[in-house]
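I sat down with this structure to look up its metal sites and one helix packing. My notes are below.

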Amino acid sequence: MRIVFAEPGRPKSGTIVVGVLDERKLSPTAAALDKDTGGAIKRAIAASRFTGRKDEVLGVLAPPGLALGRVLLLGLGKTQALDEAALQSLGGNIVAQLNSVGESEAAVVLDKLDGMALKPPEAAANLAYGARLRSYRFDKYRTKEKPEQKPSLKTLAVMNRDPAGARRAFAPLEKIAEGVFFTRDLVSEPANIIYPETLAAAARSLAKLGVEVEVLDERQMKKLGMGALLGVAQGSARPPRLVVMQWKGGSKSKGAQPIAFLGKGVTFDSGGISIKPADGMWDMKWDMGGAGVVIGLMRALAGRKAKVNVVGIVGLVENMPSGTAQRPGDIVTSMSGQTVEVLNTDAEGRLVLADALWYCQDRFKPKFMVDLATLTGAIIIALGGEHAGLFSNNDELAARLAEAGAAVGEKLWRMPLADAYDRMMDSDAADIKNISGGRDAGSITAAQFLQRFVNNVPWAHLDIAGTTWSKKDAATVPKGATAFGVRLLERLVAEHYEQG
Ligand code: BES
Ligand code: MN
Ligand code: ZN
């Protein structure tokens, strides 16, 4: 789908989308169309249940006196409520609606409305951004689709009186959308296509945007003592990788501390010897969702040339059962020197992150670390798909994350950490065990495990097991891979960690 910005006009074909406010109050362009069609717009509204509430739509086909095929009335609700998120969801809903009716070209006219907080070019850019985000589709393996099964919308023109301003406001948003799409692609790919080496290659492709990318192989990780990560990988025919990405858009001074994002990249989680049941196991292709988000985030930040120094680290392994796989009861030594008793080989994400977190703070001394991981089924039980779990040792970082999430519609819910939970991870045989042994507080005990590998650095852990994949369409997020976290962390960086 192509998006263009233009001056308001009257398209001669396709659909024109115009706004209607609450209580059937026509926007200026809707009122002008009503006049030119001899009152067809008002008659259509009167014949329907359409009231102009936000995200309602009403199509008026073959409007009399006009050459174009359809007027789509778009409910805007109350002007005061039209913020960034509201315009993005309008844009997303327009795309879904036009694709469902088979339209191929459309123009949205955004009038200047009294009482709207956003400036017209920002409003246009945000509507376009929402439209772009919703237009995503992972269809590369559908080779037999008929044209009528494919999305129809080819061109969306967003019209307002300052198209140049809208184009400028859209430019960084388009880069974020590229990051989101990159993540969605990586997460959607099956595990025979995306495995540690190929995921590392995808990360390496960011070099063309100026990201410095290093890929550590098994030998290098062995040398560093990453026994926890390597233990997970040892059952797979696919060798593990640790990818370190650096975007240096910020201060060049020597002591400048970067900020760091880390992701769990289990490209397939069979459970290992503690094997998962067959039903639903296919979902575990997206157990690299955290890594996918970190890679897409780096792409977004580099794409818009963010003025910040960021490190992105992803630990990439495949968790498989085999003759070389680690066994329940094995004791491994992590890079931190702490020994870990692996009682359940399916609690593998924490083992991967343990070494990645340690490596990150040891090498980079970051200002903070945020990790993302599809870590526990228990977080889905607790929060479903509406919020991701937020765990942190730092109230300021936690508050900033929660605020950024609320602003972009990727909501977080803070969960507790406490000594009593930490003690549940004590092992009789080693320094720590990788499961508590019961089902109680499963997401918290997982976070406590991670915290044992964090040394006095502000740190937050996002458990995204419930939000990485969606079974239903949302305004700006089609069902499937959501890329939950890219927009949130991009916003965190933009709000708090960029210079000037
Ligand atoms: N990758 C899973 C968690 C998961 C489950 C993500 C469902 C997305 C959807 C993780 O590695 C795992 O298997 N966790 C176990 C931990 C348990 C063995 C303590 C779980 O949640 O059951
Ligand atoms: Mn697992
Ligand atoms: Zn897993």
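These entries cover the two metal sites, then a helix pair.

**Entry 1: the model.** I am working from a predicted model.

**Entry 2: manganese site.** I looked up which protein atoms hold the manganese ion (ligand 2). The donors are D269 (OD), D346 (O), D346 (OD) and E348 (OE). They lie 2.0 to 2.2 Å from the ion. I noted that D346 appears with both O and OD. Along the sequence the donor residues follow D-x76-D-x1-E. D269 sits in strand β10 (residues 259-269), while E348 is in the loop between β13 (339-342) and α10 (349-364). These two are 79 residues apart, so the pair links distant parts of the chain.

**Entry 3: manganese geometry.** Why is the arrangement around the manganese ion (ligand 2) irregular? Its 6 donor atoms subtend angles of 71 to 166°. Six donors count as octahedral only if opposite donors are over 155 degrees apart and all others between 65 and 115. The angles here make the arrangement irregular.

**Entry 4: zinc site.** I turned to the zinc ion (ligand 3). K264 (NZ), D269 (OD), D287 (OD) and E348 (OE) are its protein donors, at 2.0 to 2.4 Å. Their spacing along the chain is K-x4-D-x17-D-x60-E. D287 lies in the loop between β10 and α9 (289-303), 18 residues from D269 of strand β10. This site has 6 donor atoms with angles of 78 to 174°, and I logged it as octahedral. For reference, ideal angles for six octahedral donors are 90 or 180 degrees.

**Entry 5: the bridge.** Which residue coordinates both ions? D269 does, and the zinc ion (ligand 3) and the manganese ion (ligand 2) are 3.2 Å apart. I also see E348 (OE) listed among the donors of the manganese ion (ligand 2) and among those of the zinc ion (ligand 3).

**Entry 6: burial of the donors.** Are the donors I checked buried or exposed? The cut-off for buried is under 20% relative accessible area. D269 is at 3%, so it is buried. E348 is at 1% and counts as buried. D287 is buried too, with a relative accessible area of 1%.

**Entry 7: helix pair.** I then checked α5 (residues 163-188) against α15 (residues 486-496). The two helices pack at an angle of about 145°, with axes 10 Å apart. The crossing is right-handed. On α5 the contact uses I176, G179, V180 and T183. On α15 it uses V486, R487 and E490. By type, the contact residues split into 3 nonpolar, 2 polar and 2 charged.

Conventions:
Residues numbered from 1 in each chain as written. Chains lettered and ligands numbered in written order. Predicted model: local features only at pLDDT ≥ 70, side-chain atom pairs only at ≥ 80, totals over all residues. Heavy atoms only, no water. Donors = N, O, S within 2.8 Å, 3.2 Å for Na, K, Ca; no water. Tetrahedral: all angles 85-135°; square planar, octahedral: opposite > 155°, others 65-115°. Helix = DSSP H or I, 4+ residues; strand = E, 2+ residues; numbered from the N terminus. Buried < 20%, exposed > 50% of the residue type's maximum accessible area, 1.4 Å probe, protein only. Axes fitted to C-alpha atoms, helices over the stretch in contact; angles between N-to-C directions. Left-handed = near helix turned anticlockwise from the far one by under 90°. Contact = heavy atoms within 4.5 Å. Nonpolar A, V, L, I, M, F, W, Y, C, P; charged D, E, K, R; others polar.
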